[in-house]
Amino acid sequence: TDHYKAQGKEVNEARLRMATLPSNSEILTTPGLWVPLVRVDNVYILPGIPRLFQAMIEASKDRFKGPAMKLRTLYTTQGEGEIAAALSDIAKEFEGQGVQIGSYPHTGVSELEYTTKLCFEARDEAAVEAAVQ
């Protein structure tokens with residue numbers, strides 16, 4: 001509210017609603033910015049304005065250290081229903097290695113001709129490559 005008051009703007013109901021956060025939020029301030037970086041469990045909420053996003057990432061980069069996630073993306077002409085059972089088996093086989101699998105149907109126009117996009121992700125690159133095989 002201080003940000004709006006300093007600008008002579010009314011702190012109205014709409015602005016208060018936009019500033020409402022879950023009760024279990026951790027609110028992190030960034031020097032020089034009015035909008036906070038918010039953490040809810042293991043999810044960080046950042047602003048969509050590029051310069052604010054960049055400033056927050058730079059100011060909080062120590063929070064985001066650790067092994068990078070490895071991602072492998074595959075495209076197939078098979079539909080999700082055709083490959084769901086196989087993906088489920090792969091997910092079960094590699095869940096102890098932290099491999100996460102995303103399956104996304106293609107619904108728009110693209111230069112690539114595919115029906116389903118598959119994403120395999122984990123911190124361990126060897127586990128990702130093994131799951132893809």
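Which loop holds Asp41? Asp41 sits between strands E2 and E3, in the loop that links them. Strand E3 covers residues 43-45. The model shown here is a predicted one.

Asp41 makes a good starting point. Its phi angle is positive, about 55°, although Asp41 is not a glycine. Is Asp41 buried or exposed? Its relative accessible area is 53%, so Asp41 is exposed, because the cut-off for exposed is over 50%.

Step back along the chain to another loop. Strand E1 spans 25-28 and strand E2 spans 37-40, and Thr30 is found in the loop between them. Thr30 has a relative accessible area of 4%, so Thr30 is buried. Which residues does Thr30 touch, leaving aside those up to four places away in sequence? They are Ala55, Met56 and Ala59.

Now follow the chain to Ser60. This residue lies in the loop between helix H3, residues 50-59, and strand E4, residues 70-76. Ser60 counts as buried because its relative accessibility is 11%, and buried means under 20%. Ser60 and Thr30 are 30 residues apart along the chain. In space, their C-alpha atoms are separated by 8.0 Å.

Lys65 is also found in the loop between H3 and E4. Is Lys65 buried or exposed? With a relative accessible area of 64%, Lys65 is exposed. Its side chain is joined to that of Asp62 by a polar contact of 3.5 Å. Lys65 can also be placed against Leu37. The two are 28 residues apart in sequence, and their C-alpha atoms are 16 Å apart in space.

Next comes the interior. Which residues make up the largest nonpolar core? There are 11 in all: Ile83, Leu87, Phe94, Val99, Leu118, Phe120, Ala122, Ala127, Val128, Ala131 and Val132. Helix H4 (80-94), strand E6 and helix H5 (125-132) each supply at least two residues of this core. H5 gives the most, with four residues. Apart from this core lies another, of five residues. Leu28, Leu37, Leu52 and Met56 are among them.

Ala122, a member of the largest core, has contacts of its own to trace. Beyond residues up to four places away in sequence, Ala122 touches Ala68, Met69, Lys70, Gln97, Gly98, Val99 and Val128. Of these partners, Val99 and Val128 are listed in the largest core too.

Thr116 lies in strand E6, which runs over residues 116-122. How accessible is Thr116? Its relative accessibility is 0%, so Thr116 counts as buried. Its side chain has a polar atom 2.8 Å from the backbone oxygen of Gln78. Gln78 is also one of the residues that Thr116 touches, not counting those up to four places away in sequence. The others are Leu74, Tyr75, Thr76, Gly79, Glu80, Ile83, Ser103, Tyr104 and Pro105. Ile83 belongs to the largest nonpolar core.

The last stop is the largest pocket. What is its volume? The value is about 670 Å³. The largest pocket is lined by 22 residues. Met18, Ala19, Trp34, Val35 and Pro36 lie nearest its centre. Helix H1, residues 2-6, and helix H2, residues 13-18, each supply at least two residues of the lining. How does the lining divide by class? It has 16 nonpolar, four polar and two charged residues.

Methods: Residues numbered from 1 in each chain as written. Predicted model: local features only at pLDDT ≥ 70, side-chain atom pairs only at ≥ 80, totals over all residues. Heavy atoms only, no water. 1 Å grid on protein atoms, 1.4 Å probe; cavity = no way out; pocket = protein on both sides within 12 Å on 5 of 7 lines; lining within 4 Å. Points joined across faces, edges and corners; volume = space filled by probe spheres on them. Nonpolar A, V, L, I, M, F, W, Y, C, P; charged D, E, K, R; others polar. Buried < 20%, exposed > 50% of the residue type's maximum accessible area, 1.4 Å probe, protein only. Polar contact = N/O pair within 3.5 Å; in protein donor to acceptor, adjacent residues only side chain to side chain. Contact = heavy atoms within 4.5 Å. Core = buried A, V, L, I, M, F, W, Y, C linked by side-chain atoms within 4.5 Å.
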